[in-house]
Amino acid sequence: MARIIDVPLHEAGGSCDPRAVHGAWGALDAAARRGLLYTPEVKVETDHLYERVRHVIPSIEWPAYAPLIAAINRMKREKNAVILAHNYMTSEIFHCVGDFRGDSLQLAREAAETDAAIIVQAGVHFMAETSKVLAPEKTVLIPDLRAGCSLAASITGADVRLIKQRYPGVPVVTYVNTSADVKAESDVTCTSSNAAAVVEWAARTWNTERVILIPDEYLAKNVAAQTGIKIISWHGRCEVHERFTAQDIAEMRDAHPGLVVLAHPECPPDVMAAADFAGSTAALQTYVDEKRPAKVVLLTECSMSDNVAATAPGTDFIRPCNLCPHMKRITLEGIYDALVEMKHEVIIPEDVSIRARRAIQRMLDLPKEKPRAFKVGMPEAAVELV
Ligand code: SF4
């Protein structure tokens, strides 16, 4: 069985905030208020799903989650709906109601290809917008309209227009963690799985030595270190990943000899330099699947550790818990209510949608490759911040 070991971060960092974690009691109460109970029928309907999460959800908690899970799965069949579940969703959502699971790139591809009439985005708002842009004829629902993102909130379409005025002819590569409005002003989008490949492609295609990569300052620095391309960026940061420090890594290595440290490229460059492996959430999952380390820490949002732990019973996960408060807005009852009431539909003006789709489609049309790992131990690269 996988072990999850929560460790406190340095004082300035965030450890698990119990108020941000909805948890079993919240689900139990929410199910009861909706008249959903753990009946023998619900048990039969959901026992096989519990097998997926038994390494991370205690059996005593399962009757709290099962009624909402059974009701959601029934409603999906009745309404021809699918749920796209991001890696940062809690395990009862990710493994038990998610039809497609993965990082932003994997979910964007699924949104473009699904035959379902309704997409429920178990993720944050910019992800739901991406799904709507790629599947404009479908109804896209976000279970909680407050599920935002510090990176997406850091920049607007008007900001991008000003950047383009200052750097005419320089291609604009935009991280998918942005609004549709920002994507609409961009030449091409990227995710952390393909950021280096997209930046290299943009430099070749525009025949330029400089590329604008916005809005994540740290991702931009990490991509600049990988590619050697001159990068112009923005001062956006992920409020979850910016908290990790190289000092955290040193302390965890001291406390847990043999620890393998995996980092997400939204982390600061000194954290990337001190890690054993770095890449997107999909790359981190693949690393654990293939290498099966005895003891590992994933420097990313902490639900990811639970979701990987559910499929890696022989690995101990050290968890310096940094929660994304926006991702944690998405709960089972929020998904249930969105499907019952068909509420929180994502609407995007057509002209914005058409231009954003062009940027996303350019990314999707690039040759499909395995999520690219970032080289670790690299010196920090300078980027020009606008
Ligand atoms: S983890 Fe960071 S990048 Fe992802 S949604 Fe939360 S704030 Fe945004």
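**Exercise 1. In which loop does E301 lie, and what surrounds this residue?**

Before we start: this is a predicted model, where local features need pLDDT of at least 70, side-chain atom pairs count only at pLDDT 80 or more, and totals for chains, interfaces and linings use all residues. Residues are numbered from 1 along each chain as its sequence is written, and side-chain values use heavy atoms, with hydrogens and water left out.

*Solution.*
- Step 1: place the residue. E301 sits in the loop between β12 (295-299) and α14 (302-309). Helices (H or I, at least four residues) and strands (E, at least two) are DSSP runs, numbered from the N terminus.
- Step 2: check exposure. With a relative accessible area of 0%, E301 is buried; that label means under 20% relative accessible area, with a 1.4 Å probe and protein chains only.
- Step 3: list the neighbours. Skipping residues up to four places away in sequence, E301 touches Y88, V240, H241, N322, L323, C324 and K328. Contact here means heavy atoms within 4.5 Å.
- Step 4: look at the polar side. A polar atom of the E301 side chain lies 2.9 Å from the backbone nitrogen of S303.

**Exercise 2. Work out whether V352 is buried or exposed, and say what it touches.**

*Solution.*
- Step 1: find V352 in helix α16 (residues 350-365).
- Step 2: read off its relative accessibility, 10%, so V352 counts as buried.
- Step 3: set aside neighbours within four places in sequence, and V352 is in contact with A180, D181 and A184.
- Step 4: try a distance. N194 is 158 residues away from V352 along the chain, and their C-alpha atoms are separated by 24 Å.

**Exercise 3. Which residues of helix α5 are buried, and what covers them?**

*Solution.*
- Step 1: go through α5 (residues 104-113); the buried ones are S104, L105, L107, A108, R109 and A111.
- Step 2: recall the geometry. An α-helix has 3.6 residues a turn, so residues three or four places apart point the same way.
- Step 3: name the cover. It includes β2 (81-86), β3 (100-102), β4 (118-122), α6 (125-134) and α16.

**Exercise 4. Sketch the whole protein in a few numbers.**

*Solution.*
- Step 1: count elements, and you get 16 helices and 14 strands.
- Step 2: get the extent. The C-alpha trace spans about 65 × 55 × 35 Å along its principal axes.
- Step 3: turn to burial. Of the 386 residues, 60% count as buried.
- Step 4: sort the contacts. Among those between residues at least 6 apart in sequence, 68% join residues at least 24 apart.

Conventions. Buried < 20%, exposed > 50% of the residue type's maximum accessible area, 1.4 Å probe, protein only. Polar contact = N/O pair within 3.5 Å; in protein donor to acceptor, adjacent residues only side chain to side chain.
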